[in-house]
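Work through the exercises below with the structure open. Each task is followed by a solution in steps.

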Amino acid sequence: KLSNRLKIVGDFVPQNSRLLDVGSDHAYLPINLLKNGKISYAIAGEVVDGPYQSAAANVKSQGLSDKIDVRLANGLEAFTEEDNIDTITIAGMGGSLISQILDAGKEKLHSIDNLVLQPNNSERNLRIWLQENGFSIVDEVILEENGKIYEVIFSKHGESNLNETQIEFGPFLNQEKSQVFKKKWMRELEKQNKILKNLRENSQDSHRVKEIEANIQFIEENL
Ligand code: SAM
């Protein structure tokens, strides 16, 4: 059974997609989507040998070796034009790493219709990358699982013009302001307040103090 986090990632994958799952680890996501008839074909990409072996073993034991190719490859190097991939999922990594992976293979993204991205942090870096590279965000979800809060970003080719608030908080998430969203930003507010207290007690760095005060104000305005 999939974690709720991966289930929500999978929910964004359109019916009958040909999927590349980058950093597939155990390959749970493509295995689940195939078994549920959501997709017809997937590549499970892994750059590290251990997870690659684990993905290959799981795909084999599920009898799906003819429908899921497990490939040892860095990022978007896992697919070629001949694979006719239309959807890419990248989940469970930092937002900056996801941006780097997309950036390193960006000339291959013209044939991709759907990006489903689940950054564990640095969501703003990813939103900036998407906007600067001709992708727009078409939906977002925020969820909590085992005490951790995750964001899922669904993106397609398109122009967008997000302002600083939308980049930071997410255009859809900030509109919706769910309980989980509020929890995430309350936590961040607490963190920034601690930093501020510490700075005031232990440092003379007035520039840094101003910076943290601005962060706090920005969060408070959007809670
Ligand atoms: N996607 C799964 C999930 O969300 O549960 C697994 C997440 S796991 C924490 C991250 C995986 O990404 C690791 O197995 C790691 O080896 C892989 N990874 C990191 N950088 C990668 C890259 N450049 N190309 C392919 N895989 C990568």
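**Exercise 1. Find the polar contacts of the ligand in this predicted model.**

Solution. Start at Gly 23: one of its polar backbone atoms is 2.8 Å from a nitrogen atom of the ligand. Next take Glu 46, where a polar side-chain atom lies 2.6 Å from an oxygen atom of the ligand. Then go to Val 47, which has a backbone N or O atom 3.5 Å from a ligand nitrogen. Finally, consider the cover: the ligand taken alone exposes 600 Å², and the protein buries 80% of that.

**Exercise 2. Describe the shell around the ligand by residue, class and element.**

Solution. The shell has 18 residues, with Arg 5, Gly 23, Glu 46, Asn 74 and Gly 75 the closest. Sorted by class, ten are nonpolar, five polar and three charged. Helix α1, β4 (87-93) and α4 (95-104) each supply at least two residues. The most come from β4, which gives three.

**Exercise 3. Classify the ring pair of Phe 12 and Phe 154.**

Solution. The whole structure holds five aromatic pairs. In this one, the ring centres are 5.2 Å apart and the planes meet at 25°; stacked requires under 30 degrees, so the pair is stacked. Phe 12 belongs to helix α1 (residues 4-12) and Phe 154 to strand β7 (residues 148-157), so the pair links parts of the chain 142 residues apart. Both Phe 12 and Phe 154 are buried.

**Exercise 4. Which rings have a charged end over them?**

Solution. The charged end of Arg 5 sits over the ring of Tyr 150, 5.5 Å from the centre. For Lys 108, the ring is that of Phe 79, at 4.4 Å from the centre.

Definitions and conventions:
Residues numbered from 1 in each chain as written. Predicted model: local features only at pLDDT ≥ 70, side-chain atom pairs only at ≥ 80, totals over all residues. Heavy atoms only, no water. Phe/Tyr/Trp six-rings, centres within 6.5 Å; stacked < 30°, edge-to-face > 60°. Helix = DSSP H or I, 4+ residues; strand = E, 2+ residues; numbered from the N terminus. Buried < 20%, exposed > 50% of the residue type's maximum accessible area, 1.4 Å probe, protein only. Lys NZ or Arg CZ within 6 Å of the ring centre and 35° of its normal. Near = heavy atom within 4 Å. Polar contact = N/O pair within 3.5 Å; in protein donor to acceptor, adjacent residues only side chain to side chain. Areas by Shrake-Rupley, 256 points an atom, 1.4 Å probe, with all protein chains shown as cover. Nonpolar A, V, L, I, M, F, W, Y, C, P; charged D, E, K, R; others polar.
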